[in-house]
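Here are some short exercises to work through with the model open beside you. Try each task before you read its solution.

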Amino acid sequence: MSRIAFTGHRGLPPETAELVDGAIREALAGQGALLVGLSCLADGADQIFARAVLDLGGSLEAVVPAEDYREALPEGAHRAYDELYEHAARVHRLPFVESTSESHLAAGRRMLDGADELLAVWDGLPARGVGGTADVVAEAVDRGIPVHVVWPRGAHRD
């Protein structure tokens with residue numbers, strides 16, 4: 001069984017989201033039912049990863065950073081969040097009330113606590129805020145957890 005934590009950028013343009021979807025599926029190919037994906041189910045790359053895990057026959061574990069996390073996501077991401085949350089085999093809730101940079105960083109660390117590796121959809125740039133993709137990648141590197149970075153050719157962020 002392979003436990004893969006995930007971190008990735010939010011707010012991906014549609015053409016980048018499509019490229020990222022293909023790259024994630026390629027990275028996860030062949031793992032099937034032995035795959036356990038850990039994700040916060042945020043809009044963007046997190047939801048793409050979670051959907052790929054389920055489509056490939058893996059098991060999904062949701063890490064919820066705070067009580068108001070869902071409401072803090074863009075409204076357009078709520079339906080996909082709800083659907084993926086309902087399909088999670090396990091849910092890990094952190095003890096934060098507000099969805100903040102602190103709770104997001106804690107969620108990244110919580111995912112790494114139970115992971116064999118980290119899959120990151122990352123453009124290689126510094127985090128735009130505390131708890132961002134670059135911070136979770138740095139934490140994984142500090143812990144000696146293998147990191148697989150996905151940033152397909154032609155991908156860009158807004």
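**Exercise 1. Find the residue with a positive phi just after α6, then describe how α6 is packed.**

Solution. Keep in mind throughout that this is a predicted model.

- Step 1: Go to the end of α6 (133–143). Just after the helix comes G144, with a positive phi of about 80°.
- Step 2: Pick out the buried residues of α6, which are T133, A134, V136, V137, E139 and A140.
- Step 3: Look at what these buried residues pack against: β1, α5, β5 (117–121) and β6 (147–150).

**Exercise 2. Describe the largest pocket by its volume and by the residues that line it.**

Solution. A general idea helps at the start: rolling a probe the size of a water molecule over the atoms shows where empty space is left.

- Step 1: The volume of the largest pocket comes to about 460 Å³.
- Step 2: The lining consists of 28 residues, and the closest to the pocket centre are G8, R10, G131, G132 and T133.
- Step 3: Assign the lining to elements. Two or more residues come from each of β1 (2–8), α5 (101–113) and α6 (133–143). The most come from α5, which gives five residues.
- Step 4: Sort the lining by class, and you get 14 nonpolar, ten polar and four charged residues.

T133 therefore appears in both exercises so far, because it is a buried residue of α6 under the cut-off of 20% relative accessible area, and T133 is also listed among the residues closest to the pocket centre.

**Exercise 3. Decide which side of α4 is buried, and which elements cover its buried residues.**

Solution.

- Step 1: In α4 (residues 78–86), the buried residues are H78, Y81 and L84.
- Step 2: Around the axis they span an arc of only 135°, so they sit on the same side of α4.
- Step 3: Turn to the other side of α4, where R79 and E86 are exposed.
- Step 4: The cover over the buried residues includes α2 (45–55), β3 (59–66) and α3 (69–72).

**Exercise 4. Work out how R70 contacts residues that come later in the sequence.**

Solution.

- Step 1: Place R70 in helix α3. Its relative accessibility is 25%, so R70 counts as partly exposed.
- Step 2: Leaving aside residues up to four places away in sequence, R70 touches H78, Y81 and D82. Of these, H78 and Y81 are buried residues of α4.
- Step 3: Compare sequence with space for R70 and D82: they are twelve residues apart in sequence, and their C-alpha atoms are 8.5 Å apart.
- Step 4: Check the side chains. Those of R70 and D82 make a polar contact at 2.6 Å.

**Exercise 5. Is T16 buried or exposed, and which residues does it touch?**

Solution.

- Step 1: Find T16 in helix α1 (residues 14–28).
- Step 2: The relative accessible area of T16 is 0%, so T16 is buried.
- Step 3: Setting aside residues up to four places away in sequence, its contacts are W151, G154, A155 and H156.
- Step 4: Look closer at H156, whose backbone oxygen lies 3.0 Å from a polar atom of the T16 side chain.

**Exercise 6. Which residue has a positive phi although it is not a glycine, and where does it lie?**

Solution.

- Step 1: The residue is L41, with a phi of about 65°.
- Step 2: L41 is part of the loop between β2 (35–39) and α2.
- Step 3: L41 counts as buried, because its relative accessibility is 0%.

Definitions and conventions
Residues numbered from 1 in each chain as written. Predicted model: local features only at pLDDT ≥ 70, side-chain atom pairs only at ≥ 80, totals over all residues. Heavy atoms only, no water. 1 Å grid on protein atoms, 1.4 Å probe; cavity = no way out; pocket = protein on both sides within 12 Å on 5 of 7 lines; lining within 4 Å. Points joined across faces, edges and corners; volume = space filled by probe spheres on them. Helix = DSSP H or I, 4+ residues; strand = E, 2+ residues; numbered from the N terminus. Nonpolar A, V, L, I, M, F, W, Y, C, P; charged D, E, K, R; others polar. Buried < 20%, exposed > 50% of the residue type's maximum accessible area, 1.4 Å probe, protein only. Polar contact = N/O pair within 3.5 Å; in protein donor to acceptor, adjacent residues only side chain to side chain. Contact = heavy atoms within 4.5 Å. Arc of directions from axis to C-beta.
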